[in-house]
Amino acid sequence: MTPLEQNYGRIASTFFNIYSLFLIDKSLRNEVSLKCLEKWSMQLDVDPARLEEIKQQPDYTPPANKQQALERVYDLVYMIYLDGVVEDDELKVTSEYAEKLDLPPYIVGDLLKAIVTAPADGISADEVRNELKELLEVHL
């Protein structure tokens, strides 16, 4: 089972939530963010009918706390890293999302570094995810 398959439900949920937020908040919606959302939907193999359904009735649920906000940003960073190509635009959009969740935008780079170096350090993705609480305490 691939890492995406193992975490698909959580990552897809985060994607649908960010997709709804970008539809609702016009300050976040631009050509770059729409391009990223399209790429991510293809990466997750999202049914176009599901995207149309969300367009008709966006259902954004804000995070309940900083920990949940950080987990959502982690899911997004994890997803953009899975294809092995991390584009500047993806990092920019993810940083804007982090800021919208009242997290510092540099947290995106910290999360990416943790995800990228985890295999070399012998740390599983689940262990990286479990270290989020520690990362949250350090940065916030």
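The following paragraphs lead through the structure from its overall build to individual residues.

The structure is a predicted model, in which local features need pLDDT of at least 70 and side-chain atom pairs count only at pLDDT 80 or more, while totals for chains, interfaces and linings use all residues. Residues are numbered from 1 along each chain as its sequence is written, and side-chain values use heavy atoms, with hydrogens and water left out.

The chain contains eight helices and zero strands, where helices (H or I, at least four residues) and strands (E, at least two) are DSSP runs numbered from the N terminus. Read from the N terminus, the order of elements is α-α-α-α-α-α-α-α. Of the 140 residues in the chain, 41% are buried. Here buried means under 20% relative accessible area, exposed means over 50%, and partly exposed lies in between (1.4 Å probe, protein chains only). The accessible surface amounts to about 7,600 Å², and carbon and sulfur atoms hold 51% of that surface; such areas come from the Shrake-Rupley method with a 1.4 Å probe, and for residues only the protein chains shown count as cover. Among the contacts in the chain with a separation of 6 or more, 77% are made by residues 24 or more positions apart, a contact being heavy atoms within 4.5 Å.

How does this long-range contact appear at the level of single residues? Helix α1 and helix α4 offer an example, for Arg-10 in helix α1 (residues 3-24) and Asp-75 in helix α4 (residues 66-82) are 65 residues apart and link distant parts of the chain. These two residues form a salt bridge whose closest N and O atoms are 2.8 Å apart; a salt bridge is a side-chain nitrogen of Lys or Arg within 4 Å of a carboxyl oxygen of Asp or Glu. The two partners differ in exposure: Arg-10 is partly exposed, with a relative accessible area of 26%, whereas Asp-75 is buried, with a value of 3%.

Two further residues of helix α1 belong to this picture. Ala-12 is found in helix α1 and is buried at a relative accessible area of 5%. The C-alpha atom of Ala-12 is separated by 8.9 Å from that of Asp-75, which is 63 residues apart from Ala-12 along the chain. Thr-14, also in helix α1, is buried as well, with a relative accessible area of 4%. Thr-14 touches Arg-72, Asp-75 and Leu-76, when residues up to four places away in sequence are not counted. Between Thr-14 and Arg-72 the C-alpha distance is 5.9 Å, although 58 residues separate them in sequence.

By the rule given above, the count comes to eight salt bridges. One of them joins Asp-89 and Lys-35, with the closest N and O atoms 3.7 Å apart. This pair also links distant parts of the chain, since Asp-89 lies in helix α5, Lys-35 lies in helix α2, and their positions lie 54 residues apart. Asp-89 is partly exposed at 26%, and Lys-35 is partly exposed at 47%.

Helix α2 also supplies Lys-39, whose side chain meets that of Glu-87 in a salt bridge of 3.1 Å, N to O. Glu-87 sits in the loop between α4 and α5, 48 residues apart from Lys-39, and is partly exposed with 27% relative accessibility. Salt bridges that share partners join Lys-39, Asp-83, Glu-87 and Glu-90 into one network.

Two loop residues call for attention through their backbone angles. Asp-45, in the loop between α2 (31-43) and α3 (48-56), has a positive phi of about 55 degrees although it is not a glycine. Asp-45 is exposed, with a relative accessible area of 66%. Asp-102, in the loop between α5 (88-100) and α6 (107-117), has a phi near 65 degrees, a positive value in a residue other than glycine. Asp-102 counts as exposed at 57% relative accessibility.

Towards the end of the chain, Glu-134 lies in helix α8 (residues 132-139) and is exposed, with a relative accessible area of 56%. Glu-134 forms a negative surface patch with Asp-126, Glu-127 and Glu-131. Patches are made of residues with over 30% relative accessible area and no salt bridge, like charges being joined within 9 Å and nonpolar side chains (Val, Leu, Ile, Met, Phe, Trp, Tyr) within 5 Å. Lys and Arg count as positive and Asp and Glu as negative, while His and the chain ends are not counted; the place of a charge is taken as NZ of Lys, CZ of Arg, CG of Asp or CD of Glu.
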